[in-house]
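Student: Please give me a close look at one part of this model, and then its surroundings. I want to know what to look for and how far to trust it.

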Amino acid sequence: MEMYQAMRARFGHQQWWPGQTPLEVCVGAILTQNTNWTNVEKAIANLRAAGKLSIPALAAIDAAELAGLIKPAGYFNVKAKRLKNFIAHVHADWGDDLPGFLDRSVSALREELLGVNGIGRETADSIILYAAGKCTFVVDAYTCRILLRHHLIDVDGDYETVKELLEEALPAEVDLYNDFHAQFVAVGKQYCRPLARCEGCPLEPFPHDPLAGMEE
DNA sequence: GACCAGGCACATC
DNA sequence: GATGTGCATGGT
């Protein structure tokens, strides 16, 4: 909590996810895989302009045409397939009722999402937390980098280990999980890039020398 | 011209 | 089960 408060004090509430509807969150979560958010915004703007930002439209669109629309997000061929996989999965059982699909227990939803080819742990957790509004901690590259630099995890800590560490250390509140992850991204972008230093980082004094353990 | 970005699946050992 | 590789655009 001290960590969250330090970041929150510096950056303010991040008001995530930067997308309006649950569908937009799901689409964004897939498109942002290893990709800058500004590129994802362009891809989503293309989808909206083409009238394809709905489940029926995405279910009907040809994968090659979809790839053309999401080009700015990079990896457009694989992401077009991943989006189609997700949409087909929802559409088959729920038609365009995405809220219906999302309305179940975290564990059941997570398991189902992880069964979709192209949705891994971070994407699944992002959808659960930010589209379904349910309590699951989203771990990403910045999260690991920051915790690693503060010696709260070690290099071989995997996704589930880091997730459990955070969930055990925090009260299970959706808004806390929501904004904590967003704060990790905000701090990480500015201070915890692979080759960056940490001067001025709001986490600097916490809890050890922030430069210790950094690889050159 | 490097480096980086809110990963994931798949091949290979 | 661990490690390596392909996927691709756009901003700094």
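**Domain 1 and its surroundings**

Tutor: Start with the spacing: the C-alpha centres of domain 1 and domain 2 lie 26 Å apart. This is a predicted model. The domain assignment of chain A puts domain 1 at residues 22-131 and domain 2 at residues 137-216. Where the two touch, domain 1 contributes six residues and domain 2 contributes seven residues. Look at the domain 1 side of that contact. By class, three of its residues are charged, two are nonpolar and one is polar.

Now a helix pair. Two packed helices are described by the angle between their axes and the distance between the axes. Here the pair is helix H2 (residues 22-31) and helix H6 (76-94). Their axes come within 10 Å and cross at roughly 145°. The crossing of H2 and H6 is right-handed. From H2, the contact uses Cys 26, Val 27, Ile 30 and Leu 31. From H6, it uses Lys 79, Arg 82, Leu 83 and Phe 86. By class, this contact of H2 with H6 has six nonpolar residues, two charged ones and no polar ones.

H6 turns up again at the DNA. Of the surface near DNA strand C, H6 gives the largest share, three residues. Helix H3 (37-49) is the other element that gives two or more residues there, alongside H6. Trace the residues around strand C in two groups. One group is Asn 34, Thr 35, Asn 36, Thr 38 and Asn 39. The other is Lys 71, Pro 72, Gly 74, Tyr 75, Phe 76, Asn 77 and Val 78. By class, the surface near strand C has seven polar, four nonpolar and one charged residues.

Move to DNA strand B. It is surrounded by 28 residues. The closest are Gln 33, Gly 120, Thr 123, Ala 141 and Leu 195. Three helices each supply at least two residues to this surface: H9 (121-131), H10 (141-149) and H12 (174-191). The largest share, four residues, comes from H9. By class, twelve of the residues near strand B are nonpolar, eleven are polar and five are charged.

Next, check the loop between helix H1 (2-11) and H2. Most residues other than glycine have a negative phi, and most peptide bonds are trans. This loop has an exception to each habit. Gln 15, placed in the loop between H1 and H2, is not a glycine, yet its phi is positive, about 55°. The peptide bond from Trp 16 to Trp 17 is cis, with omega near 0°. Trp 17 also lies in that loop.

Last, confidence. Chain A averages a pLDDT of 92, and 94% of the residues score at least 70. Residues 205-216 are another matter: pLDDT stays under 50 there. For that stretch the model has 17 contacts beyond four places in sequence. Where pLDDT is low, the predicted coordinates should not be read in detail.

Note on methods. Residues numbered from 1 in each chain as written. Chains lettered and ligands numbered in written order. Predicted model: local features only at pLDDT ≥ 70, side-chain atom pairs only at ≥ 80, totals over all residues. Near = placed C-beta within 6 Å. Nonpolar A, V, L, I, M, F, W, Y, C, P; charged D, E, K, R; others polar. Axes fitted to C-alpha atoms, helices over the stretch in contact; angles between N-to-C directions. Left-handed = near helix turned anticlockwise from the far one by under 90°. pLDDT = per-residue confidence, 0-100. Domains from an automatic or database assignment.
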